[in-house]
Amino acid sequence: MKPQVVVTHWVHPEILELLESVAEVIPNNTRDTLSREEVLSRAKNAAAIMVFMPDSIDEDFLNACPKLRMVGAALKGYDNFDVEACTRRGIWFSIVPDLLTIPTAELTIGLLLGLTRHMLEGDRRIRTGQFQGWRPELYGAGLTGQTLGIIGMGAVGTAIAKRLAGFDMRLVYCDSVALDSAREQAWGLERVSLDALLQESDFVVPMLPMTPETFHLINDDSIARMKRGAYLINACRGSVVDEQAVSTALKAGHLSGYAADVYEMEEWRRADRPAGIPQSLLVNQAQTLFTPHLGSAVKEVRLEIERQAALNIVQALSGQRPVGAINNPVEPTLVTAGC
């Protein structure tokens, strides 16, 4: 009998075909996120599982899935998953590290432009029949001559800076590690302290992973240090930003606008994660722009992310080290495909 592989979310049909070459696949053919209980029910006899951003794996999950030998994550960030527990149990854990960078950078710039130029509000006015021709209204903020600060100059932060280099802006960044001088000069980047970035930037873009150190890095205190009238754009992790603090700052006029593609409610590992986005943000349509976690939602990119996650699973089930593995399992027991 072939080993079982559970796929927790919808994937392209060709990905299922790839997995079916080595395993009995238990797919999710809906576009919905399954409950934890349903995933556990499906995975109790599984040798491998393909997981996505809404999933979470901990000791209790692993206890309920004693045959599990491979977790293939179709994502880059993995703080929702207890990799150390997987390692102790001889379970491979793999990620797809590189494919989300460019689409996330592109979406971040789209959020920046859409927010500052009131594109969503303009669209609503057209559709509701209010538009009778040009009027002197919906004045926004241009980018030329303004200062944009990126907090975290990793792969996505670098991709954003590269793409904004032609906008005639002042680009500053804060990171514990400096970029090489050639890239700084090519893109007109200036490395500054976090305080200087907050105080001088017209647009602030955090691009950080979720860690104890970055949790609510953007909070009441840091927002108070930002230039009055600045804009904040978050497309990294929801809990890097304190959404209640942002709502308060928008209402007080300290922030001019907030755009986001990620939300605190998505931090599945947080025991105290909010049940939803604050209502005060949702009703503030004039100062906000939100997208439903579309950072990697480019068809060709998602297909390739799924393919690489599936190939990691195929490699593990074939007795090989998965290319995307980030751990070295203790005495791993690999399940051979077809056995």
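Reader: Hi! Let me start with Phe290: at 24% relative accessibility, is Phe290 buried, partly exposed or exposed?
Author: Happy to help, and please keep in mind that this model is predicted. Buried would need under 20% relative accessible area, and exposed over 50%. At 24% relative accessibility, Phe290 therefore counts as partly exposed.

Reader: Thanks! How many aromatic pairs does the structure hold, and is the one between Phe203 and Tyr231 stacked, tilted or edge-to-face?
Author: The structure holds 5 aromatic pairs. In the one made by Phe203 and Tyr231, the ring centres are 5.7 Å apart and the planes stand at 35°. Stacked needs planes under 30 degrees apart and edge-to-face over 60. The angle of 35° meets neither, so this pair is tilted.

Reader: How many residues apart in sequence are the parts that Phe203 and Tyr231 tie together?
Author: Phe203 belongs to strand β9, residues 203–206. Tyr231 sits in strand β10, residues 230–234, so the pair ties together parts whose separation in sequence is 28 residues.

Reader: Are those two rings' residues, Phe203 and Tyr231, buried or exposed?
Author: Phe203 has a relative accessibility of 1% and so counts as buried. For Tyr231 the relative accessible area is 10%, so Tyr231 too is buried.

Reader: Back to Phe290, then: which residue is its partner in an aromatic pair?
Author: The pair with Phe290 is edge-to-face, at 5.9 Å centre to centre with 80° between the planes, and the partner is Tyr263. Phe290 lies in strand β12 and its partner in the loop between β11 (255–260) and α12 (279–282), so parts 27 residues apart in sequence are tied together. At 6% relative accessibility this partner counts as buried, and its name is Tyr263.

Reader: Which side chain makes a polar contact with that of Thr291?
Author: Thr291 lies in the loop between β12 (288–290) and α13 (299–317), and at 15% relative accessibility Thr291 counts as buried. Beyond four places in sequence, Thr291 touches Leu107, Leu111, Ala260, Asp261 and Tyr263. The polar contact, at 2.7 Å, is with the side chain of Asp261.

Reader: Let's turn to β9. How do its residues point, and are they buried or exposed?
Author: Phe203 and Val205 point one way from β9. Val204 and Pro206 point the other way, and the class of all of these residues is buried.

Reader: Which handedness does the crossover from β9 to β10 have?
Author: β9 and β10 run parallel and are joined by 2 bridges. In β10, Tyr231 is the bridge partner of Phe203. The chain passes from β9 through helix α10 (residues 220–225) to β10, and this β-α-β crossover is right-handed.

Reader: And which residue of β9 is the bridge partner of Gly149?
Author: Strand β6 (residues 147–151) runs parallel to β9, with 4 bridges joining them. For Gly149, the bridge partner in β9 is Val204.

Reader: Which residue lies over the face of Trp10?
Author: Ring pairs also link Tyr78, Phe81 and Phe93 into a cluster. Over the face of Trp10, at 3.7 Å from the ring centre, lies Arg31.

Reader: One last thing: how far apart in space are Lys251 and Asn284, C-alpha to C-alpha?
Author: Lys251 has its place in helix α11 (residues 243–252), and at 78% relative accessibility Lys251 counts as exposed. Lys251 and Asn284 are 33 residues apart in sequence, while their C-alpha to C-alpha distance in space is 8.7 Å.

How values were computed. Residues are numbered from 1 along each chain as its sequence is written. This is a predicted model: local features need pLDDT of at least 70, side-chain atom pairs count only at pLDDT 80 or more; totals for chains, interfaces and linings use all residues. Side-chain values use heavy atoms; hydrogens and water are left out. Buried means under 20% relative accessible area, exposed over 50%, partly exposed in between (1.4 Å probe, protein chains only). A polar contact is a pair of N or O atoms within 3.5 Å; within protein, one must be able to donate a hydrogen and the other to accept it, and residues adjacent in sequence count only if both atoms are side-chain atoms. Contact means heavy atoms within 4.5 Å. Rings of Phe, Tyr and Trp (its six-membered ring) pair if their centres lie within 6.5 Å; planes under 30 degrees apart count as stacked, over 60 as edge-to-face and the rest as tilted. A charge sits over a ring if NZ of Lys or CZ of Arg is within 6 Å of the ring centre and within 35 degrees of the ring normal. Two strands pair if DSSP finds at least two bridges between them. A crossover is right-handed if, with the strands pointing away from the viewer, the path from the first strand over the helix to the second runs clockwise.
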